Amino acid sequence: MNSDCIFCKIASGEIPAELVYQNEEFVAFRDLNPQAPVHVLLIPRNHYPTVTDMEDPAVIGRAIQAAGEVAKKLNIDNDGFRLVINCRDNGGQTVYHMHVHILGGRFMTWPPG
Ligand code: 5GP
Ligand code: ZN
């Protein structure tokens, strides 16, 4: 737990969020500023600043798998959805606790902005 990190505080319950899924390793909650009808952030309970700090590929794999579980739970799995991990400045990362964006409920355009 990083005491300066807003997502660590959400994972511990210190800061409220609308949780949609959790297991022993990950927590998923609604984005405060949604960019799609469904916009959820999936975070590991452990603090990794960026995706490149996640040294164990098995944890990355389980994060993607858990994101798929969230999509199923929110009924966007059949129509389709998008997973996004922003990394550092050029990636548009603003919160330095690794998170997977799960976006759905509308058609996603390409390329992203
Ligand atoms: P990034 O730009 O780092 O990939 O995404 C950070 C995301 O976190 C943004 O979409 C932003 O709306 C969301 N966010 C930032 N602070 C909070 C918060 O306190 N609560 C929730 N639920 N979402 C947040
Ligand atoms: Zn954190």
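Reader: What makes the meeting of the side chains of Lys-72 and Glu-69 a salt bridge?

Author: A salt bridge is a side-chain nitrogen of Lys or Arg within 4 Å of a carboxyl oxygen of Asp or Glu, and in this predicted model the side chains of Lys-72 and Glu-69 meet at 3.5 Å, N to O, so the pair satisfies the rule. Both residues lie in helix α2, 3 residues apart, about one turn of the helix, where helices (H or I, at least four residues) and strands (E, at least two) are DSSP runs numbered from the N terminus.

Reader: What should be known about how the values were obtained?

Author: Residues are numbered from 1 along each chain as its sequence is written, and chains are lettered from A and ligands numbered from 1 in the order in which they are written. Because the model is predicted, local features need pLDDT of at least 70 and side-chain atom pairs count only at pLDDT 80 or more, while totals for chains, interfaces and linings use all residues; side-chain values use heavy atoms, with hydrogens and water left out.

Reader: Why is Glu-25 called buried, and why is Arg-62 called partly exposed?

Author: Buried means under 20% relative accessible area, exposed over 50%, and partly exposed in between (1.4 Å probe, protein chains only). Glu-25, at 19% relative accessibility, therefore counts as buried, whereas Arg-62, at 36%, counts as partly exposed. These two residues form a salt bridge whose closest N and O atoms are 2.7 Å apart, and the pair links the loop between β1 and β2, where Glu-25 lies, with helix α2, which holds Arg-62, 37 residues apart.

Reader: Why is the pair of Phe-7 and Phe-29 called edge-to-face?

Author: Rings of Phe, Tyr and Trp (its six-membered ring) pair if their centres lie within 6.5 Å, and planes under 30 degrees apart count as stacked, over 60 as edge-to-face and the rest as tilted. Phe-7 and Phe-29 stand 5.3 Å centre to centre with 75° between the planes, so the pair falls in the edge-to-face class. Phe-7 lies in helix α1 (residues 6-12) and Phe-29 in strand β2, so the pair ties together parts that are 22 residues apart in sequence.

Reader: How do you know that Phe-7 and Phe-29 are buried?

Author: Phe-7 has 7% relative accessibility and counts as buried, and Phe-29, at 2%, counts as buried too.
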